[in-house]
Amino acid sequence: MRFTRPRDLATIAIIAGLLTHLVLRLAYDSLPPLPRASGSTLLALGAVELWLAFSLRARIQRRPGARPVQPLTAARAVALAKASSVLGALMFGAWAGLLIYTIPVRDEFAAAGNDLFAAVVGMVSAVGLTAAALWLEHCCKTPTETPGKD
């Protein structure tokens, strides 16, 4: 198994940030203001994945009282972790693009101050989701597996 590389996630985030910034430069004045907690859904997803990671970790390490993990369950958890880390990087980039756009125009547009706060909440939530997803992926490796080998 090949673990998710940080440079892949960074590439996704940079591309998403650039595209978001470009779209906002073209159409920001026609968009409605964002809800302040619009990015917090990602944080909720991250919390669920964090709980799943700790649950699976105990089961994979065969701690006393923990049920064994079916291989298909572990494979599904890894697939979820990989998809979530990509989503977190993508959304981090999008929220960062919004933040970079709204900082200089917050006096020009009334909604920019509100969107600035929403961007910060979204970025923090995206980082939380990405971190939880990477931890879930780490927790799903077998105890004999080494991180650098495919």
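Is G65 buried or exposed? G65 counts as exposed, at 88% relative accessibility. You're looking at a predicted model, and this briefing walks you through its helices, cores, charged pairs and cysteines. The chain has 150 residues, and its secondary structure comes to four helices and zero strands.

**The overall picture**

- Start at the N terminus and follow the chain along: the elements run α-α-α-α.
- The C-alpha trace spans about 60 × 30 × 20 Å along its principal axes.
- Of the 150 residues, 35% count as buried.
- The accessible surface adds up to about 8900 Å², and carbon and sulfur atoms account for 69% of that.
- Now for who touches whom: take the contacts between residues at least 6 apart in sequence, and 84% of them join residues at least 24 apart.

**Inside: two nonpolar cores**

- The largest nonpolar core has 15 residues, and the members that touch the most others are Y28, W95 and L98.
- Helices α3 (71–105) and α4 (112–139) each supply at least two residues of this core.
- Want to zoom in on one member? Leaving out residues up to four places away in sequence, L98 touches T20, L24, Y28, L34, D115 and A119.
- Y28 turns up twice here, as a core member with many partners and as one of the residues that L98 touches.
- There's also a second, separate core of 11 residues, and A53, V69, A77 and C140 are among them.

**Outside: a nonpolar patch**

- Nonpolar residues show up on the surface too: I15, L19, L22 and L26 form a patch there.
- Together, these four residues have about 420 Å² of accessible area.
- I15, one of the patch residues, sits in helix α1 (residues 6–27).
- Why is I15 called partly exposed? Because its relative accessible area is 47%, and "exposed" needs over 50%.

**Charged pairs**

- Side chains of opposite charge can pair when their charged atoms come close.
- How many salt bridges does the structure hold? It holds two.
- One of them joins the side chains of R5 and D8, with 3.1 Å from N to O.
- R5 is partly exposed, with a relative accessible area of 27%, and D8 counts as partly exposed at 32%.
- The other salt bridge pairs E137 with K82, whose closest N and O atoms are 3.2 Å apart.
- This pair links distant parts of the chain: E137 is in helix α4, K82 is in helix α3, and 55 residues separate them.
- E137 counts as buried at 1% relative accessibility, whereas its partner K82 counts as partly exposed at 27%.

**The cysteines**

- A disulfide is a covalent bond between the sulfur atoms of two cysteines.
- How many disulfides does a search of the whole structure find? The search comes back with zero.
- Why doesn't C139 form one? The closest cysteine sulfur, in C140, is 6.9 Å from the sulfur of C139, and that's too far for a bond.
- To count as a disulfide, the two sulfur atoms would have to be within 2.5 Å.
- C140 is in no disulfide either, since the nearest cysteine sulfur is that of C139, 6.9 Å away.
- Both cysteines are tucked away from the surface: C139 counts as buried at 3% relative accessibility, and C140 is buried with a relative accessible area of 8%.
- Remember that C140 also belongs to the second nonpolar core.

**Spots to find in the 3D view**

- G65, the residue from the opening question, lies in the loop between α2 (40–60) and α3.
- Try placing G65 and T20 in the same view: they are 45 residues apart along the chain, and their C-alpha atoms are separated by 48 Å.
- T20 may ring a bell, as one of the residues that L98 touches.
- L72 is found in helix α3, and at 52% relative accessibility L72 counts as exposed.
- How far apart are L72 and A111 in space? From C-alpha to C-alpha they are 47 Å apart, with their positions 39 residues apart in sequence.

Notes:
Residues numbered from 1 in each chain as written. Predicted model: local features only at pLDDT ≥ 70, side-chain atom pairs only at ≥ 80, totals over all residues. Heavy atoms only, no water. Buried < 20%, exposed > 50% of the residue type's maximum accessible area, 1.4 Å probe, protein only. Patch = residues over 30% accessible without salt bridge, like charges linked within 9 Å, V, L, I, M, F, W, Y side chains within 5 Å. Areas by Shrake-Rupley, 256 points an atom, 1.4 Å probe, with all protein chains shown as cover. Contact = heavy atoms within 4.5 Å. Core = buried A, V, L, I, M, F, W, Y, C linked by side-chain atoms within 4.5 Å.
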